[in-house]
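Please open the model in a viewer and keep the sequence panel visible. The tour proceeds by selections, each followed by a description of what is found there.

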Amino acid sequence: MRLYLTTLNPTDSVIDGFLPAAAALGWDVTILTDQPEGYPGHEIIATDVRDPRALIDAIAAHHRPDVVFSNSDHLQAETALAAEYFDLPHKDWRACATAKNKALMRRRLRLAAVEPVRSVRLPPGTAAMPEAVPYPVPYPVVVKPAMGVASEDVVLAAGPAELAAAVCEIRKRRPDDVLVAEEYLEGPLHTLETLGDGRSTAVIGGFRTTLGPLPHFVEERLDWHPVPPTDHRRHVSAALAALGAGLGACHTEYVITRDGPRIIEVNYRLIGDNCDFLLADLVGVPLHEWVLRVHAGEPIPDPFPGVFPGVFPGVFPGVAEPYGPGRHSVDLHGAVVSVVADRPGVITAAPPALAPSQAPPLPQDRSTPRNGVRLWHRPLRAVGDRIDPTNTNRDYLGLIRAIGPDRAGIDSAIDAFRAAHPWVIA
């Protein structure tokens, strides 16, 4: 089997997830990228990965493909078109394009009567809310790039003056980008993690997300939420069905409003920021391998040995409904905490990378192996780096990942690690 993996900059999910997974499956791997220096030791073809014609040409001139895959937010439609060209399992490129573009996503969910979230597309040159729109958007509104990632340039605006100021500021960095202004969805933020094979989709579980202070939307912590309520799953499933997102992993973010669940965004890929590794450990499966295998045309396991181990028809054909949570996932708690820079300056001290065997012990009454916490630290910056906060996920200094029997134990272990190994910015 030969995998062609399309990618941009190297990420943990690719380097520590999908590449080792392909090796474990015994697959040959060719990486297609415009940043070949980021993948030493691998077979590389440097190409314009944002152009599906370039991808097709590069693959056709090389070895016969069996799988064409990407976990990049930016390359889903392009990769789907390349896979389809070679008659391989592929996502619907229209679903990829619609999920990626928040203006198209809102339009599709509204036309499919999934949810009535009001939004307005702001094309380049637009500095304020249009006066005549089919669906007037009430304040406060959230303004964001239609094709944005990592909470970049996502701002809450309380009224017209704040919206105009936010748009003006964003336009300095993105003069040619389409923006979206949508009604502010107030309530707890959750995720739903799914895996599909194009015929059936299984719900793996979800997370509760803690955000930093408004008016920005920086994700600071995700906590495992193994059994999302039925109405959450059904609403997200209906949204994914409307978008046509049914092959591979999908990471969907939604808010529980007073009117029920409402979609924030659909990321048609595996969850990132080390949460994919947390998810795999919590459910107890080789998740990255499974994602690759469905892209090779294999069915998802049935019964699915995660949170919802059965696959049944539902609102979205084949959506798993629970008949008993997976033991691994409900017996454990897990969290990923993002250490966020809170001031500009230069890093003068930084924690080391940490593996579970090096994790600090819990308090004495929970220090036995049975009640222990496994803890990882992944530094994203280094001593000497200059920090200029952007109020986005790009401000992360490091990621702390922990698994244990309960939240109290995890919090204790994380607090102990941070107290012993602080980030210092001077």
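A residue is termed buried when its relative accessible area is under 20%. By that criterion, 54% of the 426 residues of the protein chain are buried. The model is a predicted one.

**The whole chain**

Begin with the protein chain in cartoon form, where eleven helices and 19 strands make up the secondary structure. Next, display its surface: about 18100 Å² is exposed, and carbon and sulfur atoms supply 53% of that area. Of the contacts between residues at least 6 apart in sequence, 66% join residues at least 24 apart.

**Helix α2**

Select residues 52–60, which form helix α2; its buried residues are Ala 54, Leu 55, Ile 56, Ala 58 and Ile 59. In an α-helix, residues three or four places apart point the same way, because there are 3.6 residues a turn. To see what covers the buried residues of α2, add the strands β1 (2–7), β2 (28–33), β3 (43–46) and β4 (67–70) together with α3 (76–85), which are among the covering elements. Then show the side chain of Asp 51, which caps the N-terminal end of α2 with an oxygen 2.9 Å from the backbone nitrogen of Arg 53.

**Helix α4**

Move to residues 93–100, helix α4, whose buried residues are Ala 95, Cys 96, Thr 98, Ala 99 and Lys 100. The cover over these residues includes α3, α5 (102–111), α7 (230–243) and β13 (260–267). At the start of α4, select Asp 92: one of its side-chain oxygens comes to within 2.8 Å of the backbone nitrogen of Arg 94.

**Leu 247**

Which strand holds Leu 247? Select residues 247–257, strand β12, and Leu 247 will be found in it. Leu 247 counts as buried because its relative accessibility is 6%, against a cut-off of 20%. Now show the residues that Leu 247 touches beyond four places away in sequence: Pro 89, His 90, Lys 91, Gly 196, Asp 197, Gly 198, Tyr 268, Val 294 and His 295. For Asp 197, the C-alpha to C-alpha distance to Leu 247 is 4.8 Å, although 50 residues separate the two in sequence.

**Strand β15**

Finish at residues 345–349, strand β15, which runs antiparallel to β17 (residues 386–387) and is joined to it by two bridges. Within this pairing, Gly 345 stands opposite Ile 387. Strand β19 (residues 424–425) is also antiparallel to β15, with two bridges between them. Here the residue to select is Ile 347, which stands opposite Ile 425.

Methods:
Residues numbered from 1 in each chain as written. Predicted model: local features only at pLDDT ≥ 70, side-chain atom pairs only at ≥ 80, totals over all residues. Heavy atoms only, no water. Buried < 20%, exposed > 50% of the residue type's maximum accessible area, 1.4 Å probe, protein only. Helix = DSSP H or I, 4+ residues; strand = E, 2+ residues; numbered from the N terminus. Contact = heavy atoms within 4.5 Å. Polar contact = N/O pair within 3.5 Å; in protein donor to acceptor, adjacent residues only side chain to side chain. Pairing = 2+ DSSP bridges. Areas by Shrake-Rupley, 256 points an atom, 1.4 Å probe, with all protein chains shown as cover.
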